[in-house]
Amino acid sequence: MRVRDAATAAYRRNLWRYFPWFVTAAMSVVIGVNGFMAYTALHTFPGNAGSDGFDLSNHYNQVLARVRQEAALGWEIRAEVDPAGHPIVVLTDRSGTALAGAGIAATAQRPLGDPRATDIRFSEIAPGRYGSGTVLDEKGQWDLALSATSGGREYSTTRRIVVR
């Protein structure tokens, strides 16, 4: 029995000899993963999150009321770009019928990079289809902050388009 106890003690002694190395290896993995996550967070930030968040939160009930009002309209706005880089907006009502005679304005801005915004006015080129003479001159993603009015009702939304 003493031989077995001596063997077990020797085994435990040998295993405990490596414990500091296991702790060092585990902490190295944790530090490496945290370093990678911090680097990724700092180098992939998509842009300004907005400076009006506090003001918006103070009037959040008004924001919710507006969202409910717009949802009740049932309008759908689809945005696209023609091959020349002109933005096009298609506006339909709840039943999918083209909404003719609407006034549409937008502000186009790149989600990354240059912060300048471009104001865009749309005119009707076919029932429910609105085009603009403005050319989005840079390839890539653009965010269109759209505002459509028809019959005294207003609908605001943001759509992302890609200029190829």
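The protein exposes about 11800 Å², and carbon and sulfur atoms supply 59% of that area. These values belong to a predicted model. Of the 164 residues, 23% count as buried. Among contacts with a separation of 6 or more, 54% are between residues 24 or more positions apart.

The secondary structure consists of four helices and eight strands. Read from the N terminus, the order of elements is α-α-α-α-β-β-β-β-β-β-β-β.

**Helix α4 and the β1–β2 hairpin**

Helix α4 covers residues 60–73, which is 14 residues. From its first C-alpha to its last it reaches 20 Å, close to the 20 Å expected at 1.5 Å a residue. Glycine 74, just after α4, takes a positive phi of about 75°.

Strands β1 and β2 run antiparallel and are joined by six bridges. Within this pairing, glutamate 80 stands opposite isoleucine 88 in β2. The hairpin has five residues between the strands, and glycine 85 in this hairpin takes a positive phi near 95°.

Threonine 92 lies in strand β2. The residue counts as buried because its relative accessibility, 16%, is under the 20% cut-off. Apart from neighbours within four places in sequence, threonine 92 is in contact with Gly74, Trp75, Glu76, Thr97, Ala98 and Leu99. Gly74, the glycine with the positive phi after α4, is thus listed among the contacts of threonine 92.

**The four-stranded sheet**

An open sheet of four strands has the order β4-β3-β7-β8, with antiparallel pairing. Its edge strands are β4 (117–121) and β8 (153–163), each of which pairs on one side only. From one strand to the next, the twist averages 20°. In general, strands of a sheet pair through backbone hydrogen bonds, either parallel or antiparallel.

Five bridges join β3 to β4, and alanine 108 stands opposite threonine 118 in β4. The two strand pairs for which bridges and facing residues are described here are listed below.

| Strand pair | Bridges | Facing residues |
|---|---|---|
| β1 and β2, antiparallel | six | glutamate 80 and isoleucine 88 |
| β3 and β4, antiparallel | five | alanine 108 and threonine 118 |

Alanine 105 has its place in strand β3, residues 103–109. Not counting residues up to four places away in sequence, alanine 105 touches Ile120, Arg121, Phe122, Ala145, Leu146 and Ser147. Alanine 105 and alanine 145 are 40 residues apart along the chain, and their C-alpha atoms are separated by 8.4 Å.

**The nonpolar core**

The largest nonpolar core has 22 residues. Two or more residues each come from β1 (76–81), β2 (87–92), β3, β7 (140–150) and β8. Strand β7 gives the most to this core, with four residues. In soluble globular proteins, nonpolar side chains tend to be buried together.

The residues with the most contacts inside the core are Leu91, Ile104, Phe122 and Leu146. With residues up to four places away in sequence left out, leucine 146 touches Ile77, Val89, Ile104, Ala105, Ala106, Phe122, Tyr155, Ser156, Thr157 and Arg159. Ile104 and Phe122 are therefore among the contacts of leucine 146 and are also named with it among the residues with the most contacts inside the core. Phe122 and Leu146 appear in the contact list of alanine 105 as well.

How values were computed:
Residues numbered from 1 in each chain as written. Predicted model: local features only at pLDDT ≥ 70, side-chain atom pairs only at ≥ 80, totals over all residues. Heavy atoms only, no water. Contact = heavy atoms within 4.5 Å. Pairing = 2+ DSSP bridges. Axes fitted to C-alpha atoms, helices over the stretch in contact; angles between N-to-C directions. Core = buried A, V, L, I, M, F, W, Y, C linked by side-chain atoms within 4.5 Å. Buried < 20%, exposed > 50% of the residue type's maximum accessible area, 1.4 Å probe, protein only. Areas by Shrake-Rupley, 256 points an atom, 1.4 Å probe, with all protein chains shown as cover. Expected span 1.5 Å × (residues − 1).
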